[in-house]
Every structure is written in C-alpha cells, then in structure tokens.
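Got the model open in your viewer? Keep the selection box handy, and we'll walk through it one stop at a time.

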Amino acid sequence: MTAKKRILSGMRPTGKLHLGHLVGTLDNWIKLQEEYDCYFMVADWHALMGEYENPSAISEYAIDNVIDWISCGIEPEKSTLFVQSQVRAHLDLFLIFSCFTPLGWLERCPTYKEQLREVTARDLHTYGFLGYPVLQAADILVYKANKVPVGEDQLPHLELTREICRRFNSLYKKVVLPEPDAILTKASRLLGLDGRKMSKSYNNTINLSDSEEEIRKKISSMITDPKRIKLSDQGHPEVCNVNSYYAIFAPEEKGEIDVACRGAKMGCTDCKKKLSEKLNRKLAAYRDKRQGLSQDKDKIKDILRDGNIKASAVANETLKEVKAAMGL
Ligand code: SF4
C-alpha cells in the first residue's frame, strides 16, 4: 500500500470563525482529510505577526477555532491537529531559511505589498511581517508536505516556498526537502452581510458560533436588490446577496426564489426569514456538537497535545536531516 501524500494547511487564530471559513476552507479540509495525510495547524506565530500589539486573545481563539474545526467535521482520528508555536522546529527552520532568503524575494511578494497598502489599523512595516512567507515555507517544508491547498492569491507565497526549497537543496548539494505542489482551491463566493468580502474587520460576518436568533437578526439586516423598494417591484435576484446565500446554502430553493422575486410574488422580509430557517437547520447538528465541545475544553487541549507530539516527531526528523546536510 502506498503512503498517503501529505498536506499542510493552517488558519491564524485572530477571531471567531465565520461562514466564509466554512465555505472557503473547512469544507475543503473535510474532503482532503479522506484522501491525504493532513496536518492542520493553528498558526499562532502568524497571528502574532499581525496582532503583536494585542496578542492576549490569540490562545483563546486557538481553542475556539479548533472547536469549530471539529464541530464542522475535521476528525482528529484522521488528521493531525496541532499548534504551530508548540512545535519548535518551525522556528529553527525559519531561521535557517532566513539566512539565505534574499530580501528582494520577500519585497516583491504581491500580498506583502497589498497588505502594507490596505491594512491601516496596524503597522505592518516590521521585520517579522516581511519574513512571513519564510515562516510559511518552514511550516510546509518541516513536514515535507507534498501538497498545499491554496487560493489563487496565495500562489506567489507557495512559489516562494518552492524557491527556498530549491535554494536549500542546491546550496547544500543534497535533496532533503521536496518541492510542494498547489492544490488550487476556488475562492469562496460567499460575501459578507454588506456585500463586501466577509471579514471580521468589516463587521459583516455570520459566525459559526452565532445563535439562531443572532443569525435571524443578521440576515434580516442584509442588503438586497437596491431597485426593489416596494413589494410590488419586480426584483433582480442576480444582484441580490441574499440570493447568493440561497445558491450556497439552499440551492434546491434557488430556482423557486428567483421566479418569486422576479414576479414580485415574494417580499424580501419573507425571503430572508426563509433563508434564516434554512441556514439554522443546516447548522443545527454543528451547533449541538459545538456546544458539547465548548463545555469540554480539556478534550480539545488533549487533542492538540497529541497533535503537537506527533507533529514534533515528524518536524524534528526533518530538522535533523536539514542540519546533517548543512554539516551543523
Ligand atoms: S426577494 Fe429575495 S432574492 Fe429577491 S431581492 Fe428580495 S431578498 Fe433578494
């Protein structure tokens, strides 16, 4: 039997997880864990690089996020769930890579330039933030991951990992680290309540931990077709964000909603109420599981402790090979 190929992926514990994480990442992880040897990482060092002024919530979000992962269907029996900062070899390899990664490779990274432009609430002109992709390279290569699930916008980072990998193997004249390939994931079509990208910084999220009532309230505040003022106005579902939620969470209803909207047979209030019911029903099993796990945080800590031990064993082995190749 051939060994399963390995995957490394992670999330930064910088806030509560929302529906965008479910549709964009977790649904994908759930499928991948069937086919691959998955290492799912709580990327708390990465969180610190952005949240260094206010880091006290990171460890709480770490546990909260893992509760969401498991509630949604990530199975610790199939995948390794671990905390980046608890596996020391990430930092060792990060430092080794930092020694030979040219500054130009990092400065030209499109996401780096974009974040510096767009993030104004925090000062990201730091040494650590510039080196973010080097730590990412260490995260991936320390497990010799064969595949990394990435969105199109993350491809330059993965290319940088591949460049670092080639540079290491060529500098020390030994192929120690395999070049990982991308598993390209489709960008989530789910927008926030206000029609912008769903993000906690825009305060437009539906969180996985929201109660039924919170979801009802949030959906009732969603922006709809701006041209539909009265019930008798014919609607344009193709421009309505509520309708795009139907496409994702209740596709079986979408055709009927389209017809009713265009024919002015259904008001936006009823349309939203129906969507809330659908979504709440969809999240019911998840919510039950979340509630149970939230009351047993020791279980989550145990799962992560086991994951940290397993991840450390693999990572230390790679680090040993890396140091041997370098003659250290
Ligand atoms: S009826 Fe539904 S789909 Fe049509 S505009 Fe209103 S909320 Fe949107």
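Here is a tour of charges, cysteines, backbone angles and a few distance checks.

Before clicking, note that this is a predicted model, in which local features need pLDDT of at least 70, side-chain atom pairs count only at pLDDT 80 or more, and totals for chains, interfaces and linings use all residues. Residues are numbered from 1 along each chain as its sequence is written, and side-chain values use heavy atoms, with hydrogens and water left out.

**Stop 1: a negative patch**

Select E114, E118, E152 and D153, which together form a negative surface patch. A patch here takes residues with over 30% relative accessible area and no salt bridge, joining like charges within 9 Å and nonpolar side chains (Val, Leu, Ile, Met, Phe, Trp, Tyr) within 5 Å. Asp and Glu count as negative and Lys and Arg as positive, while His and the chain ends are not counted. Each charge is placed at NZ of Lys, CZ of Arg, CG of Asp or CD of Glu. The areas come from the Shrake-Rupley method with a 1.4 Å probe, and for residues only the protein chains shown count as cover.

Now zoom in on D153, in the loop between β4 (147–150) and α9 (155–171). Helices (H or I, at least four residues) and strands (E, at least two) are DSSP runs numbered from the N terminus. Is D153 buried or exposed? D153 is exposed, at 52% relative accessible area. On this scale, buried means under 20%, exposed over 50%, and partly exposed in between (1.4 Å probe, protein chains only).

**Stop 2: salt bridges**

How many salt bridges does a search of the whole structure find? The search turns up 28, each being a side-chain nitrogen of Lys or Arg within 4 Å of a carboxyl oxygen of Asp or Glu.

Start with R162 and E159, a bridge whose closest N and O atoms are 3.3 Å apart. These two sit three residues apart in helix α9, so about one helical turn separates them. E159 is partly exposed, with 35% relative accessibility.

Next, pick K230 and D233, where the closest N and O atoms of the salt bridge are 3.5 Å apart. D233 counts as buried because its relative accessibility is 16%.

Then go to K274 and E253, another bridge, with closest N and O atoms 3.1 Å apart. This pair ties distant parts of the chain together: K274 is in helix α13 (residues 268–294) and E253 in helix α12 (residues 251–262), 21 residues apart. K274 is partly exposed at 23% relative accessibility, whereas E253 counts as buried at 14%.

To finish this stop, select E159, R162, R166, E179 and D181 as a group: salt bridges with shared partners join them into one network.

**Stop 3: the cysteines**

Looking for disulfides (pairs of cysteine sulfur atoms within 2.5 Å)? The whole-structure search finds zero. Click on C99 and measure to C165: that is the closest cysteine sulfur to the one in C99, but at 17 Å it is too far for a bond. C99 is exposed, with 65% relative accessible area. For a buried cysteine, go to C261, at 15% relative accessibility.

**Stop 4: positive phi**

Most residues other than glycine have a negative phi. Select K144, a residue other than glycine whose phi is positive, near 50 degrees. K144 is found in the loop between α8 (132–141) and β4, and is partly exposed, with a relative accessible area of 24%.

Move on to A264, also not a glycine, with a positive phi of about 55 degrees. Look for A264 in the loop between α12 and α13.

**Stop 5: distances across the fold**

Get the distance tool out and work from C-alpha to C-alpha. Select M198, in the loop between β5 (181–184) and α10 (212–220). M198 is buried, at 6% relative accessible area. From M198 to L95 is 34 Å in space and 103 residues in sequence.

I58, in helix α3 (residues 58–72), is buried at 11% relative accessible area. Draw a line from I58 to E179: they are 31 Å apart in space and 121 residues apart in sequence.

Last, find Q84 in the loop between β3 (80–83) and α4 (89–100). Q84 is buried, with a relative accessible area of 0%. How far is Q84 from G10, C-alpha to C-alpha? Their C-alpha atoms are separated by 9.0 Å, with their positions 74 residues apart along the chain.

Notes:
Disulfide = S-S within 2.5 Å.
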